[in-house]
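Got your viewer open? Let's take a short walk through this one, starting at the ligand and ending in the strands.

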Amino acid sequence: MPLTQDQLAEIEAQRAETAPTLRATAPGMEKRLYTAHPVLDHGLIRVIDYMGDDAAICQAARVSYGTGTKSVSNDEGLIRYLMRHWHSTPFEMCEVKFHVKLPVFVARQWIRHRTANVNEYSARYSILDREFYIPAPDALAAQSTVNNQGRGELLEGDEAARVLDILKTDAARAYDNYEAMLSTEGQKGLARELARMNLPANIYTQWYWKTDLHNLFHFLRLRADIHAQYEIRVYAQVMCEIVADWVPLAYKAFADYRMGGVNLSATAMDCVRRMLKGETVTQENSGMSKGEWREFEGVLSL
Ligand SMILES: Cc1cc2nc3c(=O)[nH]c(=O)nc-3n(C[C@H](O)[C@H](O)[C@H](O)COP(=O)(O)OP(=O)(O)OC[C@H]3O[C@@H](n4cnc5c(N)ncnc54)[C@H](O)[C@@H]3O)c2cc1C
């Protein structure tokens with residue numbers, strides 16, 4: 001369900017209200033503030049508030065009395081140094097608060113990230129909307145044959161239609177019965193806190209989620225990664241774009257060292273050194289297991 005006219009008007013009204021401030025603001029984030037970014041079929045993510053910018057990271061690192069920034073190249077060098085050496089606390093000086101609308105099964109993965117503050121829409125207090133995640137054709141796939149924790153070939157034709165029909169009918173029936181069970185005038189029915197237990201995990205929930213930049217980077221490294229489930233990855237990807245606008249220098253360092261970089265074990269480093277000397281290194285003489293070697297080959301694109 002797209003945002004209603006009232007909801008859009010509320011967002012516009014909030015964006016129209018400005019107040020002078022002495023606090024640091026990030027132009028890229030100001031442009032995004034409050035606006036809803038659509039994700040999946042009914043989901044969204046929007047920034048509700050934030051604190052700090054690239055300069056705040058440098059300010060904290062230098063424990064400065066003023067803004068703490070020097071030249072852009074000096075600041076970028078410092079931020080890259082901090083990222084490279086896992087000096088994480090300066091990144092914790094920046095905070096962000098998101099409003100996220102997401103399917104319950106995605107929320108279950110998301111909530112595992114404990115270093116955030118969360119407040120979820122109460123289905124004890126309010127009636128949930130009739131909104132269910134139904135995968136688009138390019139996300140409807142069979143169990144992977146090589147990865148127990150993933151999907152493989154896309155479903156097509158009759159098989160795709162059969163599965164979609166089950167998903168849609170079950171969601172519709174469960175919601176009809178949810179409504180039919182609720183206490184209303186004329187029937188005792190069930191309390192909202194009980195009636196919801198019959199709803200499937202693809203129903204949408206919403207929450208406010210606040211965290212600091214260090215822990216957000218940790219979340220993004222795990223959830224924007226190709227190994228994360230598609231349905232949470234798409235949220236993380238939108239968040240990456242937002243963070244790139246908010247703290248461009250820190251995001252660039254994160255993309256370089258964490259998203260684009262790799263960790264190599266001492267054994268793997270030894271193999272790299274032997275290869276650089278011209279030795280033929282194979283899985284058999286590498287000291288690595290088959291799985292480790294496969295990943296190592298992937299990293300080096302051998
Ligand atoms: C691809 C993928 C597959 C996964 N598969 C599974 C699965 O099959 N089953 C499953 O249960 N989970 C699974 N998870 C969830 C995963 O194990 C973590 O729970 C989740 O990623 C949160 O990570 P975190 O604990 O580092 O994050 P956060 O909770 O944000 O914590 C950040 C860091 O703070 C520290 N910390 C926070 N709280 C504590 C604490 N109470 N005690 C000690 N240290 C703490 C830790 O150092 C932690 O790394 C999966 C995650 C991913 C990305």
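By class, how many residues of the shell around the ligand are nonpolar, polar and charged? The shell has one nonpolar residue, five polar ones and three charged ones. Keep in mind as you click around that this is a predicted model.

**Stop 1: the ligand shell.** Select the ligand, then Arg112, His113, Arg114 and Thr115, followed by Gln149, His218, Leu222, Arg223 and His227; these are the residues around the ligand.

**Stop 2: the polar contacts.** Now zoom in on the ligand's oxygen atoms.
- Pick threonine 115: one of its polar side-chain atoms sits 2.5 Å from a ligand oxygen.
- Go to histidine 218, where a polar side-chain atom is 2.6 Å from an oxygen of the ligand.
- Then try glutamine 149, with a polar side-chain atom 3.1 Å from a ligand oxygen.

Switch on a surface here: on its own the ligand has 940 Å² of accessible area, and the protein covers 49% of that.

**Stop 3: the β1–β2 hairpin.** Leave the ligand and select residues 37-39, which are strand β1, along with β2 at residues 43-51. The two run antiparallel, joined by three bridges; proline 38, for one, has leucine 44 in β2 as its bridge partner. Three residues lie between the strands of this hairpin, and leucine 40 in the turn has a positive phi of about 55°.

**Stop 4: β2 and its other partner.** Color β2 by burial and you'll find it mostly covered, with seven of its nine residues buried. Add strand β3, residues 95-103: β2 and β3 pair antiparallel over seven bridges. To finish, click methionine 51, whose bridge partner in β3 is glutamate 95.

Technical notes. Residues numbered from 1 in each chain as written. Predicted model: local features only at pLDDT ≥ 70, side-chain atom pairs only at ≥ 80, totals over all residues. Heavy atoms only, no water. Near = heavy atom within 4 Å. Polar contact = N/O pair within 3.5 Å; in protein donor to acceptor, adjacent residues only side chain to side chain. Areas by Shrake-Rupley, 256 points an atom, 1.4 Å probe, with all protein chains shown as cover. Nonpolar A, V, L, I, M, F, W, Y, C, P; charged D, E, K, R; others polar. Buried < 20%, exposed > 50% of the residue type's maximum accessible area, 1.4 Å probe, protein only. Helix = DSSP H or I, 4+ residues; strand = E, 2+ residues; numbered from the N terminus. Pairing = 2+ DSSP bridges.
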